[in-house]
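Take a look at the fold below. We will walk through it one part at a time.

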Amino acid sequence: MARVLVTEEIAADGLTRLRDAGHEVDVQMGLEPAALIDAIKGADALIIRSATTVTSELLAAGDVLKVVGRAGIGLDNVDVDAATEHSVLVCNAPFSNAVSAAEHTMALLLAQARNVAPAHAALVDGRWERSKWKGVELDQKTLGIIGLGRIGRLVGARAAAFGMTLVAYDPFVAAEQAAEAGVELVELETLMATADFVTLHLARTPETMNLLNAELFATSKPGQRIVNVARGGIIDEAALAAAIESGPVGGAAIDVFAEEPTTESPLFSLPQVTVTPHLGASTDEAQLKAGVQIAEQVEIALAGDVPPFAVNAP
């Protein structure tokens with residue numbers, strides 16, 4: 001029997017799976033860093049979501065730690081290199097929130113096209129501003145997809161159903177693969193210059209930090225609207241706010257931020273911007289899939305095998 005420390009809310013079905021396998025599931029949520037270091041001692045596995053930061057110090061304190069499971073996709077809150085140095089496997093649930101993230105992207109895309117957020121705010125504030133918030137159709141518009149992985153392709157399929165033309169930038173995808181998905185691969189600068197709407201679907205890495213910056217926004221097609229349901233930090237928020245205030249960017253819908261949680265951003269005061277508090281994976285279905293999937297990965301690791309979604313497997 002192994003002790004599995006769980007520091008964030010995980011679907012009950014996932015925890016039940018681990019208990020049924022004979023493991024002790026120790027749920028301790030809301031731990032401060034010092035308390036987390038105490039709690040990790042004696043734990044064979046750690047299961048987290050996005051709010052727990054797994055540092056080298058924490059990994060060093062895990063005297064018997066074998067595996068860290070992230071119930072979701074992104075691993076920017078886990079020091080994977082340090083985990084490898086400490087012989088700790090890191091695994092995630094890469095397929096759990098794909099549909100939810102794609103659907104939230106479409107929700108924000110439509111909200112931007114039809115000015116849903118500012119029109120709602122005006123009306124509940126007692127102002128009937130029908131002519132002020134005239135929108136645009138998605139039909140016959142070009143959608144630029146930055147990152148043509150699983151979520152990017154799901155967004156592309158849904159956008160195509162609205163009659164959108166699809167272009168994408170992804171240096172890791174072959175043109176033939178993109179063509180099979182009905183997408184034309186282009187360079188990033190070409191995408192920004194031609195797309196009416198831009199969506200982001202890539203991980204936050206040193207290479208992608210501030211990928212969309214002032215220099216790139218200067219090349220944006222006039223009136224372009226940008227949607228980010230991927231990871232904060234990929235967009236320079238101050239540069240985006242400036243590009244919306246002075247042009248050429250027409251608006252943005254942002255679900256993720258460089259620092260989270262956050263209640264302050266230069267984007268918050270702009271009526272052309274719609275924001276949500278990292279809701280891309282916040283559906284019942286995604287949370288269930290993430291909990292069950294990560295429990296499966298942790299169970300495999302505790303049995304001495306390498307989980308299929310281990311990101312640092314030997």
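Angles between axes run from 0 to 180 degrees, taken between N-to-C directions. Keep that in mind for the helix below. The model is predicted.

Start with helix α7, residues 150-161. Helix α7 lies across three strands: β6 (142-146), β7 (165-169) and β9 (197-200). Its angle to β6 is about 175°.

Now turn to the sheet. It is an open sheet of seven strands, and the pairing is parallel. Read across, the order is β8-β7-β6-β9-β10-β11-β12. Which strands stand at the edges? They are β8 (184-185) and β12 (273-275). Each has a single partner strand, so one side of each is left without a neighbour in the sheet.

Look at one edge in detail. Strand β11, residues 251-254, pairs with β12 in the parallel sense over three bridges. Ile254 stands opposite Val275 in β12.

Next come the rings. The whole structure holds two aromatic pairs. One of them joins Phe95 and Phe309, with ring centres 5.2 Å apart. Their planes stand at 80°, and planes over 60 degrees apart count as edge-to-face, so this pair is edge-to-face. Phe95 lies in the loop between β5 (89-92) and α5 (98-113), while Phe309 lies in the segment after α12 (284-302). The pair therefore ties together parts that are 214 residues apart in sequence.

Finish with a space. The second largest pocket holds about 370 Å³. Its lining has 16 residues. Nearest its centre lie Asp170, Pro171, Phe172, Leu202 and Thr208. By class, the lining has nine nonpolar, five polar and two charged residues.

Conventions: Residues are numbered from 1 along each chain as its sequence is written. This is a predicted model: local features need pLDDT of at least 70, side-chain atom pairs count only at pLDDT 80 or more; totals for chains, interfaces and linings use all residues. Side-chain values use heavy atoms; hydrogens and water are left out. On a 1 Å grid over the protein atoms alone, a cavity is a set of points where a 1.4 Å probe fits but cannot get out, and a pocket is an open set with protein on both sides within 12 Å along at least five of seven lines; lining residues have an atom within 4 Å of a point. Grid points are joined across faces, edges and corners, and a volume is the space filled by probe spheres set on the points. Ala, Val, Leu, Ile, Met, Phe, Trp, Tyr, Cys and Pro count as nonpolar, Asp, Glu, Lys and Arg as charged, and the others, Gly among them, as polar. Two strands pair if DSSP finds at least two bridges between them. Helices (H or I, at least four residues) and strands (E, at least two) are DSSP runs, numbered from the N terminus. Contact means heavy atoms within 4.5 Å. Rings of Phe, Tyr and Trp (its six-membered ring) pair if their centres lie within 6.5 Å; planes under 30 degrees apart count as stacked, over 60 as edge-to-face and the rest as tilted.
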